[in-house]
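Q: Please examine one part of this model closely, namely the region around its second helix. I would then like the account extended to the core, the pocket and the cysteines.

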Amino acid sequence: MAENWKMKIRPLLSGIEKYNPSNIVQLENYVKHQATSDDYDFDANLVLMKLYQFHPTKASSNVACQILLKALTNLPTTDVIMLKAVLPTSLLKDVDIQHILTLHTLLESCQFREFWATLKRENMEVTKKIDNLESSIRRYICGVVEISYQNIPLSILKQYLGDLEGPTLNELAAAHKWEVTGDMCFIRNQEELIKPKKILAKIELDSVSGILATIAAR
């Protein structure tokens with residue numbers, strides 16, 4: 001299914017077709033497909049956002065929200081920033097889009113507890129249209145935790161992951177090879193991340209001889 005979509009969409013992403021407003025509906029349908037699957041096509045979504053920029057009266061705030069949310073699931077890339085740069089002014093004023101951009105800021109600044117609280121408080125209908133949104137966000141958060149902690153209190157980890165607990169938390173920990181002991185979670189020994197590098201340098205014998213002769217002459 002994904003390959004079929006890509007084959008249909010690919011011709012719309014290059015040359016003069018990138019600027020053809022008649023392609024908007026097809027690109028919007030592709031976004032809706034991405035929302036209900038694990039597929040993600042930044043290039044196609046960027047082309048659609050640019051078409052919205054050139055033809056703001058044809059822009060759909062609902063589809064734009066879905067594009068931004070899919071980009072959010074692809075952190076730590078800069079996709080959201082690039083998409084925001086081409087958003088029409090009319091869409092930038094949309095309340096849901098403002099909320100999504102706030103969520104992005106919270107994630108990028110590692111304010112994970114505030115992220116989950118905001119997501120729950122705003123309760124945007126459009127977030128329910130994105131399959132695996134929360135699990136994708138948790139994957140990003142786990143990546144941040146792995147490079148930031150050796151050990152972390154379980155209470156804090158639960159908050160970072162949106163009050164995840166019980167078997168679900170244990171399964172996630174096991175998937176990342178983390179060890180939960182009592183009220184602590186052992187992430188990893190940071191020394192394991194530091195691998196010594198062998199640096200080989202070729203020095204010509206004549207060069208060494210010249211240096212040694214200079215030193216001997218002093």
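A: The account below starts with the loop and helix in question and then moves outward to the rest of the fold. The model is a predicted one.

Helix 2 covers residues 24-35, and a loop lies between this helix and helix 1, which covers 2-9. Asn 23 has its place in that loop. Which residues distant in sequence does Asn 23 contact? Setting aside neighbours within four places in sequence, the partners of Asn 23 are Leu 12 and Glu 17. Asn 23 counts as buried because its relative accessibility is 8%, below the 20% limit for that class.

Within helix 2 itself lies Asn 29. Its relative accessible area is 35%, so Asn 29 is classed as partly exposed. From Asn 29 to Trp 5 the C-alpha to C-alpha distance is 9.8 Å, although 24 residues separate the two in sequence.

Leu 27 links this region to the interior. The largest nonpolar core holds 63 residues, and Leu 27 belongs to the group touching the most other members, together with Met 49, Leu 107, Ile 141, Leu 157 and Trp 178. Beyond four places in sequence, Leu 27 is in contact with Ile 9, Leu 12 and Leu 13 on one stretch of the chain, and with Ala 44, Val 47, Leu 48 and Leu 51 on another. Leu 12 therefore appears among the contacts of both Leu 27 and Asn 23, where contact means heavy atoms within 4.5 Å. As a general matter, nonpolar side chains in soluble globular proteins tend to be buried together.

The pocket comes next. The largest pocket has a volume of about 330 Å³. Its lining comprises 16 residues, and those nearest the centre are Trp 116, Ala 117, Leu 119, Lys 120 and Glu 134. Two elements give two or more residues each to this lining: helix 8 (112-122) and helix 9 (133-148). Helix 8 supplies the largest share, five residues. Sorted by class, the lining has six nonpolar, four polar and six charged residues.

The cysteines complete the account. The disulfide count is zero. Cys 185 takes part in no disulfide, the nearest cysteine sulfur being that of Cys 142, 9.2 Å away. With a relative accessible area of 0%, Cys 185 is buried. Cys 110, by contrast, is partly exposed, because its relative accessible area is 37%.

Note on methods. Residues are numbered from 1 along each chain as its sequence is written. This is a predicted model: local features need pLDDT of at least 70, side-chain atom pairs count only at pLDDT 80 or more; totals for chains, interfaces and linings use all residues. Side-chain values use heavy atoms; hydrogens and water are left out. A nonpolar core is a set of buried Ala, Val, Leu, Ile, Met, Phe, Trp, Tyr and Cys residues joined through side-chain atoms within 4.5 Å. Buried means under 20% relative accessible area, exposed over 50%, partly exposed in between (1.4 Å probe, protein chains only). On a 1 Å grid over the protein atoms alone, a cavity is a set of points where a 1.4 Å probe fits but cannot get out, and a pocket is an open set with protein on both sides within 12 Å along at least five of seven lines; lining residues have an atom within 4 Å of a point. Grid points are joined across faces, edges and corners, and a volume is the space filled by probe spheres set on the points. Helices (H or I, at least four residues) and strands (E, at least two) are DSSP runs, numbered from the N terminus. Ala, Val, Leu, Ile, Met, Phe, Trp, Tyr, Cys and Pro count as nonpolar, Asp, Glu, Lys and Arg as charged, and the others, Gly among them, as polar. A disulfide is a pair of cysteine sulfur atoms within 2.5 Å.
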